[in-house]
Amino acid sequence: MQLGRRDRIRGRGDGSVPPQGELVPDVIEEVLQKFSGLAPGKKPPAAGKPRRPTLCPGCPHRAAFYAIRQALPQAIYLSDIGCYTLGRNLGAVDTVLCMGAAISQASGFYHAHRMRGEDRPIVATIGDSTFYHAGIPALINAVHTGAKFILLILDNSTTAMTGDQPTPGLDRLADGKPAKAVPLEDLVKSCGVQEVKIIDPYRLADLTRLIKETEKGLRSENGGISVIISKHPCLMSPGVAKAQASFRLEVADDCISCGICYQDFECPALGPDPQTGMARIDPNLCSGCGVCVNVCPQGAIKQK
Ligand code: SF4
Ligand code: SF4
């Protein structure tokens with residue numbers, strides 16, 4: 001539709017609305033105040049202490065990122081767009097560009113380092129739905145050009161960030177009708193990847209070991225891209241949290257307040273006791289996943 005009187009339109013074009021940036025509630029509030037001439041209302045008090053966004057308690061991605069950091073602390077970490085971008089908090093996400101870029105950037109970093117005669121571990125992470133959506137062409141290209149890096153596909157069997165839509169790896173559509181599942185492993189192999197392993201990231205020590213071994217293997221002459229499918233369903237998907245084993249944990253007096261569990265691992269159910277400084281578990285937030293038991297170097301997190 002053509003607008004006859006463009007001068008009567010207010011918006012980004014005439015600066016009434018900021019010409020760039022996201023239209024978050026605070027920005028919209030300001031715009032509406034300007035239009036309406038109303039005075040700003042009172043802001044409701046913030047609920048509790050502000051905290052940066054983080055992965056949910058019991059999130060399998062947290063375990064995967066923690067294992068990556070433990071196994072290859074000097075690696076370059078390329079990641080992608082999804083809830084798992086929050087792996088940045090865990091120090092396991094260096095770059096996020098656009099969907100599929102974790103793989104294309106990993107490939108680019110590999111070739112750039114190789115041209116300069118340098119060698120550095122490279123770990124790319126991408127969610128399962130992002131991989132189905134935009135990772136496949138980049139993976140084919142990476143295989144084709146002989147890149148060597150580890151790709152972890154964080155398979156939580158859902159499209160978590162946009163509201164739990166099923167992925168093509170499942171045998172149902174968003175409306176519940178049956179669908180033909182396209183297994184990730186088959187798809188990855190069909191892209192030319194020789195090495196594909198599937199592991200539950202809750203097996204933290206095993207995953208850490210697997211990442212270390214995989215890194216050694218891909219450095220060999222015949223090595224190439226190795227894919228690890230880190231597979232555990234999202235705890236927010238209906239029925240998942242109830243169906244999995246749940247542990248009732250407590251922090252014993254062996255705790256030395258090192259902060260590894262609540263700062264480095266950053267489970268939101270863990271935090272320091274304001275009086276003692278020792279870790280404590282918030283039972284209202286804890287999912288009972290039990291992963292923190294293997295995070296504490298003192299063995300201070302125990303079953304009740
Ligand atoms: S529970 Fe373990 S990891 Fe957490 S602060 Fe105490 S000693 Fe550190
Ligand atoms: S079991 Fe440990 S890691 Fe899992 S949600 Fe509870 S406090 Fe967090």
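**Note on the two ligand sites and the sheet**

1. In this predicted model, ligand 2 sits in the largest cavity. Its surroundings comprise 13 residues, of which Cys 267, Cys 286, Cys 289, Gly 290 and Cys 292 come nearest. Sorted by class, the shell around ligand 2 consists of nine nonpolar and four polar residues, with no charged residue among them.

2. Ligand 1 takes up the space of the second largest cavity, and 14 residues surround this ligand, the closest being Cys 255, Cys 258, Gly 259, Cys 261 and Cys 296. Helix H8, which spans residues 260-264, supplies the largest share of the shell around ligand 1, namely three residues. By class, eleven residues of the shell around ligand 1 are nonpolar and three are polar, while no charged residue takes part.

3. Turning to the sheet, six strands are arranged in the order E2-E1-E3-E4-E6-E5, forming an open sheet whose pairing is parallel. Strand E2 (95-96) and strand E5 (195-199) stand at the edges, and each has a single partner strand, so one side of each is left without a neighbour in the sheet.

4. At the E5 edge, the pairing of E5 with strand E6 (residues 226-231) is in the parallel sense and runs over five bridges. Within this part of the model, Glu 195 stands opposite Ser 226 in E6.

5. Helix H6 (residues 204-218) packs on the sheet, where it touches E4, E5 and E6, and the direction of H6 makes about 170° with that of E6. Helix H4 (residues 128-144), for its part, lies across strand E3 (122-127) and strand E4 (150-155), and H4 runs at about 130° to E3.

Key: Residues numbered from 1 in each chain as written. Chains lettered and ligands numbered in written order. Predicted model: local features only at pLDDT ≥ 70, side-chain atom pairs only at ≥ 80, totals over all residues. Heavy atoms only, no water. Near = heavy atom within 4 Å. 1 Å grid on protein atoms, 1.4 Å probe; cavity = no way out; pocket = protein on both sides within 12 Å on 5 of 7 lines; lining within 4 Å. Sits in = over half its atoms within 2 Å of the grid points. Nonpolar A, V, L, I, M, F, W, Y, C, P; charged D, E, K, R; others polar. Pairing = 2+ DSSP bridges. Helix = DSSP H or I, 4+ residues; strand = E, 2+ residues; numbered from the N terminus. Contact = heavy atoms within 4.5 Å. Axes fitted to C-alpha atoms, helices over the stretch in contact; angles between N-to-C directions.
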